[in-house]
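Reader: I should like to learn how the features of a structural model are to be read. Could you take me through them one by one?

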Amino acid sequence: MLDVRRMQVLRAVVLSGSVTAAAADLGYTPSAVSQSVAALEKQTGTELLERTGRGVRPTAAGLLLTEYADAIGRQLAEAETALADLRAGRTGRLAVRYFATAGAPLVAPALARMRAEHPGVRVELRLIDPEDPLPDVKEGRADLALVVRSGEAGHAGVRLVHLLDDPYRVVLPEGHRLADREVVELSELAEEPWVGSEWPGPCLDAQLDACAAAGFRPGFVVESGDYLTAQGFVSAGLGVSLIPRLGLGGRHAGVVVREVRGPEPVRTIYAAVRETAPPQPALRGLLEALREAAGAHAH
């Protein structure tokens, strides 16, 4: 393979018209320039320069390599600029995994801020409900994922950044015996028929753990993995349901929503990033934007 540095030395000689002038431009000795050109001639098996009085001029082969050296020089400069832009967060790509109820309240405002601060960075979104996205983060297929966990003990090689504690609210049909309460004790729902709002996983576990702490296990009569559908079942009088605050962006007619205590069920939302990921200004900016969006929903 041709030596790119020697080609750039040849280019300097051809552009300046002499070995001495090229040496001055490059900060080399004339001897070093001559040795570099000689090594390139040996590598190519042909003469690249011919003497003309006190100077030199390229042979056809020398002119050909000079043209390629010029193109390579431009491409190297472009590569350096592109790399600088990437390291500074002006360009690049981020792969993000998120679950549905985090989309509107967290991801949308965070991406709006990202677009303003890093307009050249492309963000690829993928909805991951209900699959576990942590292997994608660990193995580098995703740069960041929003996940629900009961604690900060995560997946080996993955760092969890706390964003938000999302409390559950009880959804009751209008006219329910507890509908006039501001706060409902969880134990008061022990004998109620329940409408399931979560698929098996950490979100459902948050409900079941709270109910267990209150001394009962809910009796589910209807299963639904969709919050709006669950509200529809509640509105029809089929039972009561627990829905996280972020999942109540769309409120169904015919239901009332109340706080729950004793204990309050809470799901905890984290941003998961790879522990060994190289520093990326764009990723750091996205994390900050997610924290800001989460802070707006913290109370």
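Author: The following dialogue takes up helix packing, a peptide bond, individual residues and internal cavities. The model is predicted.

Reader: Let us begin with helix packing. At what angle do the axes of helix H1 and helix H3 cross?

Author: A helix pair is described by its axes, its handedness and its contacts. Here the axes of H1 (residues 4-16) and H3 (residues 30-44) cross at roughly 115° and come within 9 Å. The crossing in which H1 passes H3 is left-handed.

Reader: Which residues in H1 meet H3?

Author: On the H1 side they are Arg-6, Met-7, Val-9, Leu-10 and Val-13. Their partners in H3 are Val-33, Ser-36, Val-37, Ala-39, Leu-40 and Gln-43. By class, the residues of this contact comprise eight nonpolar, two polar and one charged.

Reader: Next, the backbone. Is the peptide bond from Gly-262 to Pro-263 cis or trans?

Author: The general idea is that most peptide bonds are trans. The bond from Gly-262 to Pro-263, however, is cis, with omega near -5°. Pro-263 lies in the loop that runs between strand E11 (255-261) and strand E12 (266-274).

Reader: I turn to individual residues. Is Met-114 buried or exposed, and why?

Author: Relative accessible area decides the matter, and buried means under 20%. Met-114 has a relative accessible area of 2%, and therefore counts as buried. This residue belongs to helix H5.

Reader: Which residues does Met-114 touch, leaving aside those up to four places away in sequence?

Author: Met-114 touches Leu-94, Pro-119, Val-121, Val-123, Ala-282, Gly-285 and Leu-286. Sequence separation may also be set beside distance in space: Met-114 and Glu-288 are 174 residues apart along the chain, while their C-alpha atoms are separated by 9.5 Å.

Reader: Pro-119 is among those contacts of Met-114. Is Pro-119 itself buried or exposed?

Author: For the term exposed, the cut-off is over 50%. Pro-119 counts as exposed because its relative accessibility is 64%. It is placed in the loop between helix H5 (100-117) and strand E4 (121-127). The C-alpha atoms of Pro-119 and Ala-212 are separated by 48 Å, with these positions 93 residues apart along the chain.

Reader: How should Gln-231 be read, as buried or exposed?

Author: The residue name alone does not settle this; the accessible area does. Gln-231, in helix H8 (residues 227-235), is buried because its relative accessible area is 0%. Its contacts, not counting residues up to four places away in sequence, are Val-171, Ile-243, Gly-247, Leu-248, Gly-250, Arg-251, His-252 and Val-255.

Reader: Finally, the cavities. How many of 30 Å³ or more does a search of the whole structure find?

Author: The search finds two. A cavity is read by its volume and by its lining. The largest has a volume of about 40 Å³, and its lining consists of Val-96, Val-107, Ala-110, Leu-111, Leu-144, Leu-146, Leu-286 and Leu-290. Two or more lining residues come from each of H5, strand E5 (144-149) and helix H9 (281-295). H5 gives the most, with three residues.

Reader: What classes of residue line the largest cavity, and what classes line the second largest?

Author: The lining of the largest cavity has eight nonpolar residues, no polar and no charged. The second largest cavity, with a volume of about 40 Å³, is lined by Gly-140, Ala-142, Asp-143, Arg-274, Ala-277, Gln-280 and Leu-283. That lining divides into three nonpolar, two polar and two charged residues.

Conventions:
Residues numbered from 1 in each chain as written. Predicted model: local features only at pLDDT ≥ 70, side-chain atom pairs only at ≥ 80, totals over all residues. Heavy atoms only, no water. Axes fitted to C-alpha atoms, helices over the stretch in contact; angles between N-to-C directions. Helix = DSSP H or I, 4+ residues; strand = E, 2+ residues; numbered from the N terminus. Left-handed = near helix turned anticlockwise from the far one by under 90°. Contact = heavy atoms within 4.5 Å. Nonpolar A, V, L, I, M, F, W, Y, C, P; charged D, E, K, R; others polar. Buried < 20%, exposed > 50% of the residue type's maximum accessible area, 1.4 Å probe, protein only. 1 Å grid on protein atoms, 1.4 Å probe; cavity = no way out; pocket = protein on both sides within 12 Å on 5 of 7 lines; lining within 4 Å. Points joined across faces, edges and corners; volume = space filled by probe spheres on them.
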